[in-house]
Amino acid sequence: MAKLEILEFPDPRLRKVAAPVTCVDDDIRTIIDNMFETMYDAPGIGLAAIQVGVPKRVLVIDLQPEDEEAEGEVCNHGGHEHVHYPTVKEPRVFINPEILDPAEELASYQEGCLSVPDIFADVDRPATCRVRYQDLEGETHEEDLEGLMATCIQHEMDHLEGILFIDHLSRLKRNMALKKLKKLREAA
Ligand code: NI
């Protein structure tokens with residue numbers, strides 16, 4: 001496995017429309033392994049192949065949920081007592097994904113993106129959707145998604161069309177986000 005370089009805004013490669021995967025072979029599986037390593041290291045919960053410079057329709061996602069069955073650690077930073085649970089890995093691969101039946105109802109989540117580091121903003125997207133995709137063996141599946149998973153896959157699908165989450169913001173909010181990004185980069 002190898003960690004890959006993550007392209008960052010405004011790299012023009014992030015604006016490319018990714019091409020379908022015609023054959024799910026070992027080359028693609030190696031890219032996917034490397035994408036997971038890159039995503040976990042960043043760390044992030046989703047990554048599209050184009051973000052590591054591979055213009056193919058491949059996404060990896062791991063929401064890394066907290067395991068509430070496990071023993072938690074009681075913590076009181078922030079002034080109130082709460083419990084942190086260890087996270088579990090739930091790696092998901094979506095090859096040639098398509099969104100079907102997006103809900104009319106919208107949900108808003110604060111989004112971020114490894115290609116637009118340290119910038120977060122609320123984005124409205126269909127609250128639920130169905131996804132059709134191929135797995136690591138090239139088998140086709142369909143699945144209904146909701147909550148963070150529905151949002152995450154729509155964010156990652158946008159990458160395949162050359163769209164970034166900041167493109168969904170009002171001009172004012174987008175300009176504010178880009179100004180902040182510029183400032184953070186100058187400070188770094
Ligand atoms: Ni992203």
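What follows is a conversation about how the labels on this predicted model are earned.

Reader: Let's start with the sheet. What makes β1 and β9 the edge strands?

Author: The open sheet has 5 strands in the order β1-β2-β5-β8-β9, with antiparallel pairing. β1 (46–48) and β9 (140–146) each pair on one side only, and that makes them the edge strands. From one strand to the next, the twist averages 40°.

Reader: How do you know that β1 and β2 really pair?

Author: Pairing takes at least two bridges between the strands. β1 and β2 have 3 bridges, in the antiparallel sense, so they pass that cut-off. Gly 46, for one, has Ile 61 in β2 as its bridge partner.

Reader: And what joins β2 to β5?

Author: There are 4 bridges between β2 and β5, and the two run antiparallel. Val 58 stands opposite Ile 95 in β5. At the other end of the order, β8 (residues 128–134) pairs with β9 over 7 bridges, again antiparallel, and Tyr 133 sits opposite His 141 in β9.

Reader: What is said to pack on the sheet, and what does it touch?

Author: Helix α1 (residues 26–41) does: it touches β1, β2 (58–61) and β5 (92–100). Its direction makes about 40° with that of β2. Touching here comes down to heavy atoms within 4.5 Å.

Reader: Why is Ile 61 called buried?

Author: Buried means under 20% relative accessible area. Ile 61, in strand β2, has 0% relative accessibility, so it counts as buried. Its contacts, leaving out residues up to four places away in sequence, include Phe 36, Met 39, Phe 94, Met 149 and Ile 153.

Reader: What makes you say that both faces of β2 are covered?

Author: Val 58 and Val 60 are on one side, Leu 59 and Ile 61 on the other, and all of them are buried. That fits the general pattern, in which side chains of a regular strand alternate between the two faces of the sheet.

Reader: Why is Arg 29 called partly exposed?

Author: Partly exposed is the band between under 20% and over 50%. Arg 29 has 25% relative accessibility, so it falls in that band. The residue lies in helix α1 and, apart from its neighbours within four places in sequence, contacts Val 24, Leu 136 and Glu 137. Arg 29 and Glu 137 are 108 residues apart in sequence, yet their C-alpha atoms are 9.3 Å apart.

Reader: Now the metal. How do you know which atoms coordinate the nickel ion?

Author: A donor is an N, O or S atom within 2.8 Å of this metal. Cys 113 (SG), His 155 (NE2) and His 159 (NE2) are at 2.1 to 2.2 Å, so they count as donors. Water is not among the atoms, so the site may look incomplete. Along the chain the donors follow the spacing C-x41-H-x3-H. Cys 113 lies in strand β6 and His 155 in helix α2 (residues 147–160), so this pair ties together parts that are 42 residues apart in sequence. Both Cys 113 and His 155 are buried.

Reader: Which residues lie nearest the centre of the largest pocket?

Author: Ile 45, Glu 111, Gly 112, Cys 113 and His 155, out of 19 lining residues. The pocket holds about 310 Å³ of space. β6, β7 and α2 each supply at least two residues of the lining.

Reader: What makes β6 and β7 a hairpin?

Author: β6 (residues 106–113) and β7 (residues 116–126) pair in the antiparallel sense over 7 bridges, and they form a hairpin with 2 residues between them. Gln 110 has Asp 122 in β7 as its bridge partner.

Reader: What stands out in the backbone angles of Asn 96 and Gln 64?

Author: Asn 96 has a positive phi of about 50° although it is not a glycine. Gln 64 also has a positive phi, near 45°. Asn 96 is in strand β5, while Gln 64 is in the loop between β2 and β3 (73–75).

Reader: Why is Asn 96 called buried, and Gln 64 partly exposed?

Author: The cut-off for buried is under 20%. Asn 96 has a relative accessible area of 15%, so it is buried; Gln 64 has 23%, so it is partly exposed.

Reader: Which peptide bonds are cis?

Author: Phe 9 to Pro 10 is cis, with omega near 5°, and so is Ala 42 to Pro 43, with omega near -10°. Pro 10 lies in the segment before α1, and Pro 43 in the loop between α1 and β1.

Methods. Residues are numbered from 1 along each chain as its sequence is written. This is a predicted model: local features need pLDDT of at least 70, side-chain atom pairs count only at pLDDT 80 or more; totals for chains, interfaces and linings use all residues. Side-chain values use heavy atoms; hydrogens and water are left out. Axes are lines fitted to C-alpha atoms, for helices over the stretch in contact, and angles run from 0 to 180 degrees between N-to-C directions. Donors are N, O and S atoms within 2.8 Å of the metal (3.2 Å for Na, K and Ca); water is not among the atoms, so sites may look incomplete. Buried means under 20% relative accessible area, exposed over 50%, partly exposed in between (1.4 Å probe, protein chains only). On a 1 Å grid over the protein atoms alone, a cavity is a set of points where a 1.4 Å probe fits but cannot get out, and a pocket is an open set with protein on both sides within 12 Å along at least five of seven lines; lining residues have an atom within 4 Å of a point. Grid points are joined across faces, edges and corners, and a volume is the space filled by probe spheres set on the points.
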